[in-house]
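Here's a quick walk through a chain, written for someone who'd rather be at the bench. Have a look at the fold, then read on.

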Amino acid sequence: MKVLWIIIINQIKMKSKLIALALLATGIIFAQEKPEDQKTTDSIKKKDILLKEVVVNQKKKYIKVDSDKTTVSVKDNAMLNSGSSLEAVKKLPGVITSPTGSITLNGKGVAIYIDNAPSSLTGADLQNYLNSLPANAIEKVELIYNPGASYDANASGSIINIITSSKRMKGINASFNINYNFNKYQKPSPQILLNGKEKNLSWQTMIGYNYIDGENRTITDQTFTAFNPDKKILQENFTQSTNRNFYARFGTNYRLSQKSNLLFNYNLNYGNDRSTFDAKTLSENINYLNEGVSKNKNNNHELSLQFKTKLDTLGRTFDVVAYSNLFERKPITDSNAKDFISNDTFYNYGNNDFNLQNHYLKYDFNFPFEKSKFSISTGGKFNVLNVENLGNYYVNTPIVNSINFDYSETNLAFYAEARKKIKKFNITAGLRFEDFNVERISSTVAEKIKFKNTNLFPNVSAMYEINDNVNVTASYSKKISQPDYNRMDPNNGSVFDQYNTSQGNIFLNPTFFDNYEFKITAMQFVNIGANYTRSKDNNLFVFNADANATEPISNQTSQQFDQFNTFSAYASFPIPLDYFLKGKEEFNKRMGDLETMNYVFLNINYIKSDIKGYSFPFANKAIWNYAAQAQIILPWGIKNSMTYFILPSGNWEIYKINKPIQQFDISFNRDFMDKKLKIGLHCFDLFNSNEIDALIAGQNLETNFRQKQDSRTFRLSLTYNFGNLKLEKENTDIQVEKKQAGGGLVK
């Protein structure tokens, strides 16, 4: 340090005071003790070198691979931040959307978390919520492959944790954003973000509106095998929809002390959707036309209060969260139909009143013992979930048919998880206690269905550090998945007429999972691994038909399969184009800063499922998934982003994909006015090739299902930032990330 000050004094004498201060601030000088006269000479000789090194550059990492999770930055990633959260999630490495619309991660089921809290919503309600949440509200997304004991056991196999933005700067700052989407329909989405900080109080407000027009065409070619001979019908449904959604997200943080924070968040969504549909059913002696309208109003309220504190200088922390979610949905369907062969007229009317309430209280302690390279965390949670749905239906008669569905669940949980570093090994072991009490009642069954389960859910993982850049990890976890309300609710919703019904299965059991995983990670970008999942009583979506029916009526429902095993292998890695296009020297300059690099990031998945006791009517062929994301830096500061994925023909669970599912997106982005103004031009599904063509084999029914949405969309995105963008964001995250994530210390 003495040498450092002498160099600074000499620089001041040379009228380089600003340079000296920069050197002192960045700490880039590391000198050895030398004679006094030599120090001045050396400093002058190194002047040019030092001047070149005095550059403060915050390098951005878009993706970081750890042993138990992959973290993807969204806010500054032009590939992900212009659309909705659902669009961003579907482009993440290893994420695959199934033919039924569900999301998986490297072949395993997924639980969606928002800001470390599991979402109460499921099915279409969850997708609508993610569609309403803009991607530029997301700071990052964590892909957690084999979650440990600190996470809910009700997580099946993997977790996608969406972390929303929490920047709070001094004064008042604002950002205005608009995504104008269009094809032959208009889809504008304006948004404004305000944030500020005054003394110990910081706050953030986000308000926006989505107006989306679109269309969806489905064709089902069905064979009813219970008839002799088989009966075939062809059905086509064309729907035009308008989705209107207003959202507001409010967050505050009050710093009680240097060690404690009190955070409050309130999020609300109001939706008002409307769709008109034309449905045709054609067969021998059937020429059926059904026309109607569906309306759906919903509102969602989320409140959370969180207290975070650091207990001492050793890094021990305590965190307690109180959370409530209130969701209401009121769908109405009104249709009129006519069979032109029999000349009969039909009508259907449905009106549902759906309510969900979810409340929980959880706490977490973290105790690191740095000298022993050991840490332990523990906590608990109590959760109450209630769902009610009253459906009233008129089907070709003025008599009202009502279906009442009630679901209640209480969940008490405690966990303990320990991490230990032994030389190059990082070992994690945890145990979670879960007590579930579930009651289901419906007017369609005579007695209340009760389910009580008290179980232990262990997890263990071991990571070996081959060197500073390469790790090998093996892990195991036991999980459970309670059937969600969409799968159980016997109410028909909006899918019903003379030849179609839709109802949940109230008798579904929970699914138990044993997850095994082996993985190699390298250079924080390369990810190669395999996992094997054994599940019992797995619930899957099917089309079935009643063997005793006198008419060919298709029913959409969920069916339980006794044993369902899945093996998947995956690899994700970047290809640095700069190394081949710009040369090694230029590549080394850009290494570690993806914002300035040209690259292609590849993700490959292999998935094969095996169902015990189920006879496939077709060959059980494994399926591959290929995805690529590319970034090309063009002249004039233009950044070109491209993404492509393809899911070729093969078997996905019990579904046979007849035609590859694929999509190509391209976008151009540029910053103006010192990055205060950002403009992007995008095209999604450029070749209009994303459509589903699958075969679903159910009881007494084989269904060829085809679906095409207006997926080719153009977008103009514009973001303008007000205020001082160079201020550092306030750190409210006291409970910092686990070192190496697979074991070791918590710092």
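Is Lys659 buried, partly exposed or exposed? Lys659 has a relative accessible area of 36%, so it counts as partly exposed. For the cut-offs, buried means under 20% relative accessible area, exposed means over 50%, and partly exposed lies in between (1.4 Å probe, protein chains only).

Before going further, some ground rules. This is a predicted model, where local features need pLDDT of at least 70 and side-chain atom pairs count only at pLDDT 80 or more, while totals for chains, interfaces and linings use all residues. Residues are numbered from 1 along each chain as its sequence is written, and side-chain values use heavy atoms, with hydrogens and water left out.

**The chain as a whole**

The chain contains nine helices and 35 strands; these are DSSP runs numbered from the N terminus, with helices being H or I of at least four residues and strands being E of at least two. Of its 747 residues, 50% count as buried. The accessible surface is about 34,900 Å², and carbon and sulfur atoms hold 57% of that. Those areas come from the Shrake-Rupley method with a 1.4 Å probe, and for residues only the protein chains shown count as cover. As for contacts (heavy atoms within 4.5 Å), take those with a separation of 6 or more: 67% of them are between residues 24 or more positions apart.

**Salt bridges**

A search of the whole structure turns up 21 salt bridges, meaning a side-chain nitrogen of Lys or Arg within 4 Å of a carboxyl oxygen of Asp or Glu. Here are three of them.

| Pair | Closest N to O | Where the partners sit |
|---|---|---|
| Lys108 and Glu517 | 3.9 Å | strand β5 (residues 108–114) and strand β23 (residues 511–522) |
| Asp514 and Arg534 | 4.0 Å | strand β23 and strand β24 (residues 526–544) |
| Glu691 and Lys659 | 3.2 Å | strand β33 (residues 691–698) and the loop between β30 (655–657) and β31 (661–672) |

Lys108 and Glu517 are 409 residues apart in the chain, and both are buried. With Asp514 and Arg534, the two sides don't match: Asp514 counts as buried because its relative accessibility is 15%, whereas Arg534, at 38%, counts as partly exposed. These two are 20 residues apart. Glu691 sits 32 residues from its partner Lys659, and at 22% relative accessibility Glu691 counts as partly exposed.

Some salt bridges share partners, too: Asp152, Lys381, Arg432 and Glu434 are joined that way into one network.

**A nonpolar patch**

Which strands each supply at least two residues of the nonpolar patch? They are β10 (186–198), β11 (201–224) and β12 (231–255). The patch lies on the surface and is made up of Phe176, Ile192, Leu194, Ile207, Tyr209, Phe246, Phe250, Tyr270 and Phe722, with about 730 Å² of accessible area together. To join a patch, a residue needs over 30% relative accessible area and no salt bridge; nonpolar side chains (Val, Leu, Ile, Met, Phe, Trp, Tyr) are joined within 5 Å, and like charges within 9 Å. Phe246, found in strand β12, counts as partly exposed because its relative accessibility is 34%.

**Around Ile666**

Ile666 lies in strand β31. Its C-alpha is 4.4 Å from that of Met642, although the two are 24 residues apart in sequence. Setting aside neighbours within four places in sequence, Ile666 is in contact with Asn640, Ser641, Met642, Leu681, His682, Cys683 and Leu686.
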